[in-house]
Amino acid sequence: MIQYTLYSFWRSSCSARLRIALNFKGIPFDVVPVNLLNDEHKCSAHKSLNPSASVPLLVCSDGAKAPIKIGQSLAAIEYLEEAHPQTSLLPLPSDVHGRAIVRALANIITCDIQPVTNVRILKRVGVMGGDQQQWSSELMAEGLGAYEAVAALHAGQFSYGNSVTLADVCLLPAVWNARRFGVAIDQFPTILRVAGNLEVLDAVQRSTYSRQPDTPEQFRSE
């Protein structure tokens with residue numbers, strides 16, 4: 001049996017998408033908190049595990065050989081798809097077009113929005129004298145606008161039809177971040193509806209920023 005350990009930060013959207021995937025698939029996992037605000041991700045011990053000096057990091061061990069370390073959230077989720085196909089986050093293999101749409105939606109979040117709005121980039125924007133709040137909110141709104149345009153053509157209860165997919169796993173933490181930076185989500189009606197449907201799911205509620213082992217007391221909820 002594979003044992004999973006997730007190195008994560010409570011308010012990391014990349015960590016959250018992996019938590020949602022693990023919980024949705026019903027896979028038990030241990031959490032090792034990594035405090036990004038204290039630069040714990042930059043320490044030599046963490047970089048020896050994940051040279052990218054980032055979270056999340058998924059460590060997979062079966063006790064028989066050296067653990068597998070996966071330091072990118074989408075790669076980790078794709079690994080879980082193959083290792084635990086019983087509860088899938090992709091449309092059926094016969095729906096080749098649908099699988100491409102789901103991956104395209106996921107990449108709008110993971111390639112267009114998240115990389116330019118993470119803590120590392122925001123610190124550099126601040127050093128250069130930029131307005132971090134404006135930078136993030138504008139880029140998040142642009143990316144979510146693109147997501148809305150694509151999802152509106154394919155959404156049912158969720159981003160693609162009526163089943164939770166990889167796209168939804170990536171979308172919801174981005175929505176949480178966008179709200180935190182003051183983006184009006186109601187300008188994206190498809191995203192607003194899908195996010196509401198996702199947020200009532202137990203797997204999502206267990207993955208929220210407010211319910212993690214390292215969530216500061218003032219941000220916690222039961």
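UniProt positions are given here in the numbering used for this structure, feature names are shortened, and annotations may be inferred rather than shown by experiment. With that in mind, the annotation "domain: GST C-terminal", from an unreviewed UniProt entry, covers residues 95–217. Its companion in the record, "domain: GST N-terminal", likewise from an unreviewed entry, is listed for residues 2–88. The structure itself is a predicted model.

The two annotated spans can be described in turn. In residues 2–88, helix makes up 33% and strand 21%, and the C-alpha atoms at the two ends lie 18 Å apart. Residues 95–217 are 63% helix and 0% strand, with end C-alpha atoms 45 Å apart.

A separate domain assignment also divides the protein in two, giving domain 1 as residues 3–88 and domain 2 as residues 96–204. Taken over C-alpha atoms, the centres of domain 1 and domain 2 are separated by 21 Å. Where the domains meet, domain 1 brings 14 residues to the contact and domain 2 brings 16.

The size of an interface is often given as the accessible area lost when the parts come together. Between domain 1 and domain 2 this buried area is about 1,500 Å², and carbon and sulfur atoms give 65% of it. On the domain 1 side, the residues that lose the most area to domain 2 are Arg17, Ile20 and Leu74, which together account for 37% of what that side buries.

Polar and charged links also join the two domains. There are two salt bridges between domain 1 and domain 2, together with one residue pair in polar contact, both partners having pLDDT of 80 or more. On the domain 1 side of the contact, the elements giving two or more residues are α1 (13–24) and α3 (73–83). Of these, α1 supplies the largest share, with eight residues. Sorted by class, the side of domain 1 that touches domain 2 holds seven nonpolar, three polar and four charged residues.

Aspartate 39 deserves a closer look. This residue is found in the loop between β2 (30–33) and α2. Although aspartate 39 is not a glycine, its phi is positive, at about 60 degrees. Aspartate 39 also forms a salt bridge with lysine 123, and the closest N and O atoms of the pair are 3.6 Å apart.

A further backbone feature appears at proline 56. The peptide bond leading from valine 55 to proline 56 is cis, with omega near 5 degrees. Proline 56 has its place in the loop between α2 (44–49) and β3 (57–61). The helix α2 thus offers a handy landmark for a reader finding their way around: the loop between β2 and α2 holds aspartate 39, and the loop between α2 and β3 holds proline 56.

Conventions: Residues numbered from 1 in each chain as written. Predicted model: local features only at pLDDT ≥ 70, side-chain atom pairs only at ≥ 80, totals over all residues. Heavy atoms only, no water. Domains from an automatic or database assignment. Contact = heavy atoms within 4.5 Å. Buried area = accessible area lost by both parts, 1.4 Å probe. Salt bridge = Lys/Arg side-chain N within 4 Å of Asp/Glu carboxyl O. Polar contact = N/O pair within 3.5 Å; in protein donor to acceptor, adjacent residues only side chain to side chain. Helix = DSSP H or I, 4+ residues; strand = E, 2+ residues; numbered from the N terminus. Nonpolar A, V, L, I, M, F, W, Y, C, P; charged D, E, K, R; others polar.
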